[in-house]
Amino acid sequence: MKILIIGDVYGKSGLKAIDLFLPELKAQYQPHLIIVNAENAANGRGITHTIYKTLMSHGIHMLTMGNHVFANKELETFIEDANIVRPINYLQAPGKGYLIIHFNQQKILVINALGQAFMNQHVQSPFLTVMETLNNVEHDISILDIHAEATSEKVALGHFLDGKIDIIFGTHTHVQTNDSRILPNGTFYLTDVGMTGPLNGVIGVKKDIVIDRFINGYSTPNAVDEGPIQLNAWFIDTLQKTHTLIHLEHDENK
Ligand SMILES: [Fe+2]
Ligand SMILES: [Fe+2]
């Protein structure tokens with residue numbers, strides 16, 4: 001099975017990158033399944049119904065989320081009927097932490113979980129929650145988006161689940177890591193897919209806002225950066241046992 005995974009779509013620049021690059025990625029890689037992290041799609045925070053419909057019109061099968069999942073309240077009005085998984089390790093939240101995609105008579109389990117390290121959110125252990133889900137939900141292929149800050153937590157989770165899950169990809173840091181690999185017991189693993197949005201901001205936000213924040217220590221509201229865009233993705237072929245990191249850039253002024 002061929003699976004294309006696209007990292008955190010950030011604001012209008014991210015949606016522009018999807019418009020621009022996804023058709024050519026589909027033509028090149030012919031994925032059976034496309035999974036996209038969309039926690040930052042609406043101006044950096046959450047998702048709206050209009051953006052959900054726009055993304056799905058590209059032939060995306062499932063959206064995963066993260067700590068910004070409910071930053072835009074509109075999601076609560078449509079999440080129950082949407083192909084969207086929110087973090088499974090919230091104690092209680094609208095929507096679901098896992099969903100099944102039916103493909104070629106196979107059940108593909110997609111799970112989203114939050115990390116606990118440096119995340120400012122009190123959630124259940126992703127290790128135990130994801131393991132329990134894998135044990136209790138019938139499936140043929142299993143995929144996890146671990147939305148977490150600490151590389152160590154993600155790597156540890158990778159080894160903890162190695163051989164018990166088919167694919168683990170990380171999101172949230174917005175910076176792609178180059179550790180795409182198959183772990184010793186067969187799990188495809190990547191610490192972070194990277195983001196899809198502005199190229200020259202600070203993880204999506206206009207750079208001056210974040211530089212000021214680090215120098216002065218106070219916070220001004222975020223604004224999504226404009227200008228050149230990037231797309232970061234990961235492609236896996238489970239039969240061929242290949243895995244490819246993808247990084248594309250575009251500057252419309254060049
Ligand atoms: Fe994000
Ligand atoms: Fe995040």
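In this predicted model, the iron ion (ligand 2) is held by four residues: Glu39 (OE), Asn67 (OD1), His147 (NE2) and His172 (ND1) coordinate the metal at 2.1 to 2.2 Å. Angles subtended by the four donor atoms run from 86 to 148 degrees, which makes the arrangement around the iron ion (ligand 2) irregular; a tetrahedral site would need all angles between 85 and 135 degrees. Read along the chain, the donors follow the spacing E-x27-N-x79-H-x24-H.

Glu39 has a second partner as well, bridging the iron ion (ligand 2) and the iron ion (ligand 1), which lie 3.4 Å apart. Because Glu39 sits in the loop between strand S2 (33-37) and helix H2 (49-56), and His172 in the loop between strand S8 (167-171) and strand S9 (181-182), the pair ties together parts that are 133 residues apart in sequence. Glu39 and His172 are both buried.

Helix H3 (residues 126-136) offers another place to look. Its buried residues are Pro126, Phe127, Thr129, Val130, Met131, Thr133 and Leu134, and these pack against strands S5 (98-103), S6 (106-114) and S7 (141-147) and against helix H4 (151-161). At the start of H3, the backbone nitrogen of Phe127 has a side-chain oxygen of Ser125 within 3.1 Å.

Stepping back to the whole protein chain, the secondary structure comprises five helices and 13 strands. The radius of gyration is 17 Å, which agrees with the value near 18 Å for a compact globule of 254 residues. Buried residues make up 56% of the chain. Of the contacts with a separation of 6 or more, 62% join residues 24 or more positions apart.

Terms used
Residues numbered from 1 in each chain as written. Chains lettered and ligands numbered in written order. Predicted model: local features only at pLDDT ≥ 70, side-chain atom pairs only at ≥ 80, totals over all residues. Heavy atoms only, no water. Donors = N, O, S within 2.8 Å, 3.2 Å for Na, K, Ca; no water. Tetrahedral: all angles 85-135°; square planar, octahedral: opposite > 155°, others 65-115°. Helix = DSSP H or I, 4+ residues; strand = E, 2+ residues; numbered from the N terminus. Buried < 20%, exposed > 50% of the residue type's maximum accessible area, 1.4 Å probe, protein only. Contact = heavy atoms within 4.5 Å. Polar contact = N/O pair within 3.5 Å; in protein donor to acceptor, adjacent residues only side chain to side chain. Rg over C-alpha atoms; globule rule 2.2 N^0.38 Å.
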